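User: I have a structure open and would like to talk it through slowly. Could you help me read it?

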Amino acid sequence: MTIEFLDPTHENASGAFTLAPRLNTLEDAVVAVISNGKKGTIPFFDAFEHALKTTHKVGEVVRITKFNYSTPVDASLLGDAERWHALIAGVGD
Amino acid sequence: MTQTHIFTAKRHLVEDFNAAQEWFHSRKWSDGLPVVPPTPDLVAACLDWALLPAGHLIGVEPVRERAITAEKVAINAVMAGCLPMHFPVVVAAITAMLQDSFVLHGATSSTGGCAVLIVINGRVRREQSMEATFSALGPTDRATMVIGRAVRLVLYNFLDVRPGEVDRSTLGHPGKISYCLSEDEENTPWLPLAEERGVPPHASAVTVMAAGSPRQILNEWTTQPEELLDTYVAEIKASMRHYSIWPGNYAIVVPPQLRTHFDVAGWSKADIREYVFAHARIHRREWAECGKGAVVAEKGDREHAALVSPDHLLVIAAGGPAGGFGAVIPPWFGKTSQAVTMAIGACVDCEI
């Protein structure tokens with residue numbers, strides 16, 4: 001006997017999020033990197049910043065660290081966001 | 001009266017019950033145990049029991065802004081084995097978990113590997129034949145097992161909290177299958193947990209806490225409340241030394257044999273909370289004794305309390321009649337997440 005049932009998943013409902021416009025190049029761009037604040041991320045993001053500047057010729061890397069790594073980034077840390085061309089959220093442990 | 005529900009979830013068709021099991025397991029839509037196929041009639045029965053339309057908004061997960069509807073919660077509740085009467089309890093638990101102070105995303109994604117402890121109070125316990133005595137922290141009865149599992153399946157399927165996906169737990173613990181118990185309100189003069197936390201006396205309620213695994217204690221060699229609590233405190237201090245030093249909600253489970261001694265001495269839950277708050281403290285230098293000297297630095301004389309305040313201790317009456325055992329349930333990570341108590345059937349942010 002066949003069984004019909006309902007899908008239990010979110011079915012890719014992604015809330016209000018949409019992809020930001022893609023950049024053609026990172027050269028001379030201002031790129032912000034948000035760290036979740038765990039100590040282990042520091043050397044990783046140091047190396048990442050170096051790669052952005054040397055390999056991709058990024059003009060400036062803005063390092064942001066969340067106040068609490070378990071909650072969304074505080075709005076007060078995003079006050080300068082209009083100046084950024086790209087924002088990368090980093091998670092590490 | 002049965003409502004006619006308009007479901008938005010996609011419908012799937014399989015050949016038979018066994019095919020349904022393979023469908024769920026192959027897509028990681030289950031925790032590894034068999035599931036009840038959530039047919040539209042079973043889902044509708046849950047919604048009818050709770051008097052909720054399918055599209056009713058239970059809440060919004062704040063990090064991914066994902067709206068959780070009654071329909072999706074009911075689908076997962078059916079899968080977990082819930083009967084319609086269990087569904088309002090699941091809704092209350094999910095609603096509580098969506099309050100900002102619970103920090104749902106952090107609590108369910110952390111490497112720390114906590115689970116959601118659910119404590120049930122009120123008349124609903126007896127209506128659903130919940131058992132709060134023998135093996136209280138184990139599989140005691142149908143209702144608590146399926147309610148705890150339903151919460152986990154909602155996390156799995158609606159928020160992708162599966163191991164290796166959003167769930168980044170290093171170890172986790174067995175409470176991630178189901179971590180739900182009711183309080184033994186009949187066999188104690190103590191106020192029920194929910195009532196202590198502000199729920200009216202005759203309402204049923206859930207309390208949720210982002211919790212580590214239970215740590216069992218034993219002391220049957222004294223009748224003095226202070227000495228009994230010293231054993232609980234020692235376990236709390238051990239958790240602070242071995243796991244996390246930061247203050248947060250701790251829960252203690254007190255079975256009848258130990259409760260008798262508190263009752264004879266006239267100790268209330270409030271008295272217990274005050275004692276534990278005063279005594280559950282360690283100095284940071286103690287970390288050096290268990291291999292964590294690297295983070296003591298010059299702060300060795302700093303005292304750390306287990307509790308932010310006495311109210312951060314959840315005292316739960318539960319357990320079998322014999323044995324001087326008890327349990328300490330530590331928080332996931334200090335006060336990052338706070339326990340939330342919610343009346344079953346309560347409306348949050350409703351427009352009246």
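Analyst: What follows covers one helix, one loop residue and the pockets.

Analyst: Please keep in mind that this is a predicted model, in which local features need pLDDT of at least 70 and side-chain atom pairs count only at pLDDT 80 or more, while totals for chains, interfaces and linings use all residues. Residues are numbered from 1 along each chain as its sequence is written, chains are lettered from A and ligands numbered from 1 in the order in which they are written, and side-chain values use heavy atoms, with hydrogens and water left out.

User: OK, helix α1 of chain B: which residues are buried there?

Analyst: In α1(B), which spans residues 17-26, the buried residues are Ala20(B), Gln21(B) and Phe24(B), where buried means under 20% relative accessible area, exposed over 50% and partly exposed in between, with a 1.4 Å probe and protein chains only. Seen down the axis of α1(B), these buried residues fall within an arc of 100°, so they line one face of the helix; the arc is that of the directions from the helix axis to the C-beta atoms. Helices here are DSSP runs of H or I with at least four residues, and strands are runs of E with at least two, numbered from the N terminus.

User: And which residues are exposed on the other side of α1(B)?

Analyst: On that other side, Asn18(B), Glu22(B) and Ser26(B) are exposed.

User: What covers the buried residues of α1(B)?

Analyst: The cover includes β1 (3-6) of chain A, along with β1 (11-14) and α3 (70-80) of chain B.

User: What caps the N-terminal end of α1(B)?

Analyst: Asp16(B) does, with a side-chain oxygen 3.3 Å from the backbone nitrogen of Asn18(B).

User: New topic: where is Asn249(B) found?

Analyst: Asn249(B) sits in the loop between α9 (225-242) and β8 (250-254) of chain B, and at 5% relative accessibility it counts as buried. The side chain of Asn249(B) reaches the backbone nitrogen of Ala339(B) at 2.8 Å, and a polar atom of that side chain lies 3.0 Å from the backbone oxygen of His312(B).

User: Now the pockets: how much space lies in the largest pocket?

Analyst: About 1,400 Å³ of space lies in the largest pocket. A volume is the space filled by probe spheres set on the grid points, which are joined across faces, edges and corners. A pocket is, on a 1 Å grid over the protein atoms alone, an open set of points where a 1.4 Å probe fits, with protein on both sides within 12 Å along at least five of seven lines, and lining residues have an atom within 4 Å of a point.

User: Which element gives the largest share of its lining?

Analyst: That is β4(A), with five residues.

Note on methods: Contact = heavy atoms within 4.5 Å. Polar contact = N/O pair within 3.5 Å; in protein donor to acceptor, adjacent residues only side chain to side chain.
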